[in-house]
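Here are some worked exercises to try with the model open beside you. Attempt each task before reading its solution.

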Amino acid sequence: MGKYKILVLGILFDAIGYVSFIIPGIGEFSDIVWAPLSGWLMTKLYKGKAGKVAGVITFVEEALPGLDVIPTFTLMWLYTYVLKKEPKDLK
């Protein structure tokens with residue numbers, strides 16, 4: 001999957017996480033469903049240890065009240081494709 005497709009999906013998933021703020025009354029219920037699903041989705045978008053750690057962070061962020069505003073999918077994309085330095089080839 002291309003990195004910009006992952007970015008678009010991440011923005012979409014972050015927007016889904018904001019539903020609890022937009023639609024009053026379903027916030028806590030939507031978080032019960034969305035928290036584990038978002039953690040699982042994060043591990044599918046980002047492989048390896050970083051994806052697993054991000055999945056746990058996403059789950060906790062979505063499960064705890066008031067933290068839904070953190071765009072964890074977008075932040076993970078920035079970390080993976082903008083900030084993270086790949087090791088130089090030692091040839």
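## Getting started

Of the 91 residues of the chain, 33% count as buried (under 20% relative accessible area; over 50% is exposed and in between is partly exposed, with a 1.4 Å probe and protein chains only). The model is predicted, so local features need pLDDT of at least 70 and side-chain atom pairs count only at pLDDT 80 or more, while totals for chains, interfaces and linings use all residues. Residues are numbered from 1 along each chain as its sequence is written, and side-chain values use heavy atoms, with hydrogens and water left out.

## Exercise 1: The overall layout

Task: work out how many helices and strands the chain holds, and the span of its C-alpha trace along the principal axes.

Solution.
- Step one is to count elements: there are five helices and zero strands, where helices (H or I, at least four residues) and strands (E, at least two) are DSSP runs numbered from the N terminus.
- Written in sequence order, the pattern is α-α-α-α-α.
- Next, take the extents: the C-alpha trace spans about 60 × 20 × 20 Å along its principal axes.
- Finally, consider contacts (heavy atoms within 4.5 Å). Of those between residues at least 6 apart in sequence, 62% join residues at least 24 apart.

## Exercise 2: The two sides of α1

Task: compare the end-to-end reach of α1 with the expected value, then find which of its residues are buried and which are exposed on the face turned away.

Solution.
- Helix α1 covers residues 3-17, and its 15 residues reach 21 Å from first C-alpha to last, close to the 21 Å expected at 1.5 Å a residue. The expected span is 1.5 Å times one less than the number of residues.
- Now list the buried positions of α1: Ile6, Leu7, Gly10, Phe13, Asp14 and Gly17.
- Viewed down the axis of α1, these buried residues fall within an arc of 130°, so they line one face of the helix. The arc is that of the directions from the helix axis to the C-beta atoms.
- Turned away from that buried side are the exposed residues Tyr4, Lys5 and Val8.

## Exercise 3: The same test on α4

Task: repeat the analysis for α4 and say which residues are buried.

Solution.
- Helix α4 (residues 48-63) has 16 residues and should span 22 Å at 1.5 Å a residue; its end C-alpha atoms are 23 Å apart, which agrees.
- The buried residues of α4 are Gly51, Ala54, Gly55, Thr58, Glu61 and Glu62.
- They cover an arc of only 135° around the axis, which puts them on the same side of α4.
- On the other side of α4, Lys49, Lys52 and Val56 are exposed.

## Exercise 4: Where α3 meets α4

Task: find which residues Gly39 contacts, leaving aside its neighbours within four places in sequence.

Solution.
- Gly39 sits in helix α3 (residues 27-45) and is buried, with a relative accessible area of 7%.
- With those sequence neighbours left out, Gly39 is in contact with Gly55, Thr58 and Phe59.
- Check one of these partners: Gly39 and Thr58 are 19 residues apart in sequence but 5.3 Å apart in space, C-alpha to C-alpha.

## Exercise 5: The core and the aromatic pair

Task: identify the largest nonpolar core, then describe how Trp77 and Tyr81 are arranged.

Solution.
- The largest nonpolar core has 12 residues: Ile6, Leu7, Phe13, Trp34, Leu41, Met42, Leu45, Tyr46, Ala54, Phe73, Met76 and Trp77. Such a core is a set of buried Ala, Val, Leu, Ile, Met, Phe, Trp, Tyr and Cys residues joined through side-chain atoms within 4.5 Å.
- Helices α1, α3 and α5 each supply at least two residues of this core, and the largest share, four residues, comes from α3.
- For the second part, the structure holds four aromatic pairs. Rings of Phe, Tyr and Trp (its six-membered ring) pair if their centres lie within 6.5 Å; planes under 30 degrees apart count as stacked, over 60 as edge-to-face and the rest as tilted.
- Trp77 and Tyr81 form a tilted pair, 5.4 Å centre to centre with 40° between the planes.
- Being four residues apart in helix α5 (residues 72-83), Trp77 and Tyr81 are separated by about one helical turn.
- Trp77 counts as buried at 8% relative accessibility, whereas Tyr81 is partly exposed at 31%.
- Tyr4 joins Trp77 and Tyr81 in one aromatic cluster.
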